[in-house]
Amino acid sequence: MEGADPYSIETQAELLGLRNIDPIPLPDSRPASTSVPANDRHAPRPALPSSSSFLGLRGTGRSSVWYLTQLQRYSSYAFSGFAALHITNTSIIPLVTRSVADSESYLLLTRPYYQSMLLEPVLITLPITTHVLAGLALRIHRRNQNLRRYGAGELTSSKRFEDKVKVWPAVSWSSLNGYILTPMVLGHALVNRTLPWVYEGGSSGVGLGYVSHGFAKHPFIAWTGYAALIGVGVAHFIWGVARWQKWTPVGVDRKARRRRWTINGITALVSAIWMAGGLGVVGRGGKSDGWVGKGHDNLYSKIPLLKL
């Protein structure tokens with residue numbers, strides 16, 4: 001090593017016993033999924049699991065909340081077909097004809113379509129049952145989420161009440177209407193569908209004249225019951241549509257107030273139309289005479305808890 005430069009890299013490496021080796025590329029330590037071929041750089045990337053909220057309910061992918069919400073939503077759409085026929089038969093047609101007797105013929109034409117053995121469960125019974133049960137299941141699910149979120153699952157009901165721990169979610173306006181409406185709909189079905197089936201074998205004799213007879217014989221109960229049924233039912237329906245379409249007002253600003261006035265205005269208009277025909281015409285149709293009237297009296301006398 002005489003004459004060699006002591007400061008050169010080669011000399012220092014030889015003194016330390018180091019050797020020069022040819023460079024070898026190291027393997028790529030990154031996950032294979034992160035490397036994208038050049039010809040696939042513009043290909044669509046796989047979608048990540050969704051964590052977006054639906055009607056304020058958060059879930060990942062297709063959770064139970066998502067399925068329950070869809071059941072509640074589309075069951076209300078299925079029932080809308082019957083609701084359109086019902087308001088036509090009980091309000092719009094009587095408003096046009098101004099006669100209960102003349103309106104009966106139109107009711108008889110459409111009733112076989114939604115009171116048949118197949119369509120009645122599809123349009124009425126199954127959608128209403130699904131809608132109510134899905135709403136209750138969603139409420140219980142939110143309550144269980146709150147129990148886990150606030151660590152209150154180990155507390156007894158009395159302890160939660162004592163500590164004022166609120167685990168049940170707040171009830172919205174449309175949900176409150178739904179809870180009030182449910183027993184009203186059941187009572188309406190009892191008087192107009194169940195009792196005729198039990199005591200007469202069918203509801204062929206139940207029509208607008210049957211309703212008019214009830215108004216004439218028992219005015220206070222009939223007027224109060226039908227006015228409440230129409231008012232609460234229309235409010236639940238209109239606010240429900242606004243909720244599904246994401247039109248419900250949020251906040252107290254000018255836009256929210258305008259939406260609230262619009263929704264309430266539509267509710268009042270639809271309720272007024274329904275009451276004008278259902279109460280103003282059918283409700284003032286008078287009693288049925290002869291054996292028909294006696295049959296109506298017999299059915300009304302079978303209503304439980306009421307001595308009619």
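**Entry 1, overall fold.** Reading along the sequence, I noted the pattern α-β-β-α-α-α-α-α-α-α-α-α for the protein, in what is a predicted model. My tally of the elements gave 10 helices and 2 strands. I then looked up burial and found that 31% of the 308 residues count as buried, while the exposed area came to about 20,900 Å², with carbon and sulfur atoms supplying 63% of it. For the contacts with a separation of 6 or more, I recorded that 70% are between residues 24 or more positions apart.

**Entry 2, the annotated spans.** I turned to the UniProt record, an unreviewed entry, which lists residues 77-97, 117-138, 167-191, 220-242 and 263-282 under "transmembrane region". I checked two of these spans against the model. Residues 220-242 are 100% helix and 0% strand, and their end C-alpha atoms lie 33 Å apart. Residues 167-191, by contrast, are 76% helix and 0% strand, with 38 Å between the end C-alpha atoms.

**Entry 3, Ser-103.** I located Ser-103 in helix H3, which covers residues 100-114. Is this serine buried or exposed? Its relative accessibility is 1%, and because buried means under 20%, I entered Ser-103 as buried. Leaving aside residues up to four places away in sequence, I listed Ile-93, Pro-94, Thr-97 and Leu-208 as the residues that Ser-103 touches.

**Entry 4, aromatic pairs.** I counted 6 aromatic pairs in the structure. Among them I looked closely at Tyr-210 and Tyr-300, whose ring centres are 4.6 Å apart and whose planes meet at 5°, so I wrote the pair down as stacked. Which parts of the chain does this pair tie together? Tyr-210 belongs to helix H7 (residues 208-217) and Tyr-300 to helix H10 (residues 290-301), so the pair joins parts that are 90 residues apart in sequence. Both Tyr-210 and Tyr-300 came out as buried. I also noted a cluster in which ring pairs link Phe-215, Trp-223 and Tyr-226.

**Entry 5, charges over rings.** Last, I looked for charged side-chain ends placed over aromatic rings. I found the charged end of Arg-73 over the ring of Tyr-74, at 6.0 Å from the ring centre. I recorded a further case at Arg-243, whose charged end sits over the ring of Trp-244, 5.2 Å from the centre of that ring.

Definitions and conventions
Residues numbered from 1 in each chain as written. Predicted model: local features only at pLDDT ≥ 70, side-chain atom pairs only at ≥ 80, totals over all residues. Heavy atoms only, no water. UniProt positions renumbered as here; feature names shortened; annotations may be inferred. Helix = DSSP H or I, 4+ residues; strand = E, 2+ residues; numbered from the N terminus. Buried < 20%, exposed > 50% of the residue type's maximum accessible area, 1.4 Å probe, protein only. Contact = heavy atoms within 4.5 Å. Areas by Shrake-Rupley, 256 points an atom, 1.4 Å probe, with all protein chains shown as cover. Phe/Tyr/Trp six-rings, centres within 6.5 Å; stacked < 30°, edge-to-face > 60°. Lys NZ or Arg CZ within 6 Å of the ring centre and 35° of its normal.
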